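This briefing walks through selected features of the structure shown below, grouped by topic. Please keep the sequence and the coordinates at hand while reading.

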Amino acid sequence: MCKELNGQRRYKVRINFAIIKQKIRYVQNKIEDIIYPRRCPVCDEVLRFGRGKICAKCYHQLSYIHEPRCKKCGRSIRKFEQEYCYDCSRKKHFFISGIALIDNVEAGKKSVYAIKYHNKREYVDFYTDEIVKRYSDEIRYWQPDILIPVPLHKKKMIKRGYNQAEVIAVSIGMKMGIKVDKKSLKRIVNTKPQKELNDIERRRNLANAFCVNINQKNVKGKSIILIDDIYTTGSTIDECAKVLLKAGAKKVHFITLSIGIGY
Ligand SMILES: [Zn+2]
Ligand SMILES: [Zn+2]
């Protein structure tokens with residue numbers, strides 16, 4: 001009994017340290033804003049200090065997800081009585097439900113691509129602000145214990161220098177006070193880029209690509225939110241959710257910045 005209490009106490013202290021670390025990073029980011037001026041995530045123009053995180057005109061260029069939304073993947077659908085999008089009404093997903101901020105089209109598509117491939121990590125701050133502003137009630141309703149970014153393979157991480165999903169997860173975690181777990185889920189196969197593949201090829205490409213670190217007991221019984229930049233067919237999120245559930249996770253939701261259109 002005593003041991004168990006001690007165990008619980010140690011666990012709580014660990015969580016607080018993680019949140020403190022995230023807060024320190026937040027302050028560092030603010031200082032960086034003063035030294036290096038912030039740029040608009042859509043047009044990349046320098047923004048005047050204290051004048052927000054996006055130009056007023058660019059804010060309206062993004063195609064925000066709106067109601068009615070698919071009850072599973074969260075993308076916009078045409079009719080309220082529809083309940084699910086075309087894809088989710090035909091496919092079984094391992095996750096419970098998810099949220100995305102924008103459609104993966106035009107200005108938003110270009111901007112999210114730049115986060116991933118052109119080191120525009122600073123853009124993330126605007127997107128996560130909007131996610132928290134619009135969906136914090138829904139996220140809290142999920143009662144998440146941890147955020148887990150979709151991991152990159154070690155080789156890709158070395159090549160790119162950062163994992164965009166991790167940047168997004170840290171930003172949401174810091175703004176909502178949720179711990180980010182970067183260690184439990186691993187990508188053990190350096191998969192081919194998914195862009196050129198169809199849904200079946202994507203699933204085949206991802207089979208056995210992820211595993212849960214056996215030394216990490218963090219996922220057992222936990223309510224988890226997977227974080228990624230884009231949801232296209234959902235095969236990556238689904239594969240991660242499958243592995244986490246197999247390792248004992250209680251339930252899995254997801255948050256992405258953008259999502260492919262599909263009524
Ligand atoms: Zn702009
Ligand atoms: Zn859907």
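Just after helix α5, glutamine 143 adopts a positive phi of about 50°. The model is a predicted one, and the values that follow are to be read with that in mind. The helix that comes before glutamine 143 is taken up next, followed by a helix pair, a single methionine and the overall fold.

**Helix α5**

- Helix α5 spans residues 124-141 and does not run straight, since there is a bend of about 75° at tyrosine 135.
- The buried residues of α5 are Val124, Asp125, Phe126, Tyr127 and Thr128, together with Ile131 and Ile139.
- These buried residues of α5 pack against two strands, β1 (98-103) and β7 (251-259), and against two helices, α4 (106-117) and α7 (164-176).

**The pair α8 and α9**

- Helix α8, made up of residues 199-206, packs against helix α9, made up of residues 235-246, at an angle of about 35°, and the two axes lie 9 Å apart.
- The crossing formed by α8 and α9 is right-handed.
- On the α8 side the contact involves Asp199, Arg202, Arg203 and Leu206, which meet Ser235, Thr236 and Glu239 on the α9 side.
- Sorted by class, this contact of α8 with α9 comprises four charged residues, two polar residues and one nonpolar residue.

**Methionine 157**

- Methionine 157 belongs to helix α6, which covers residues 154-160.
- Is methionine 157 buried or partly exposed? Methionine 157 has 14 other C-beta atoms within 10 Å, and because a residue counts as buried at 20 or more and as exposed at 12 or fewer, methionine 157 is classed as partly exposed.
- Once its neighbours within four places in sequence are left aside, methionine 157 is in contact with Leu152 and Asn163.

**Overall fold**

- The protein contains nine helices and seven strands.
- The radius of gyration is 18 Å, close to the 18 Å that the globule rule gives for 263 residues, so the protein is as compact as a globular protein of that length.
- Taken along the principal axes, the C-alpha atoms fill a box of roughly 60 × 45 × 40 Å.
- Of the 263 residues of the protein, 36% count as buried.
- Among the contacts between residues at least 6 apart in sequence, 72% join residues that are at least 24 apart.

Key: Residues are numbered from 1 along each chain as its sequence is written. Chains are lettered from A and ligands numbered from 1 in the order in which they are written. This is a predicted model: local features need pLDDT of at least 70, side-chain atom pairs count only at pLDDT 80 or more; totals for chains, interfaces and linings use all residues. The bend at a residue is the angle between axes fitted to the seven residues ending there and the seven starting there. Helices (H or I, at least four residues) and strands (E, at least two) are DSSP runs, numbered from the N terminus. Two residues are in contact if their C-beta atoms, placed from the backbone, lie within 7 Å. Axes are lines fitted to C-alpha atoms, for helices over the stretch in contact, and angles run from 0 to 180 degrees between N-to-C directions. A crossing is left-handed if the near helix is turned anticlockwise from the far one by less than a right angle, and right-handed if clockwise. Ala, Val, Leu, Ile, Met, Phe, Trp, Tyr, Cys and Pro count as nonpolar, Asp, Glu, Lys and Arg as charged, and the others, Gly among them, as polar. The radius of gyration is taken over C-alpha atoms; the globule rule is 2.2 Å times the number of residues to the power 0.38.
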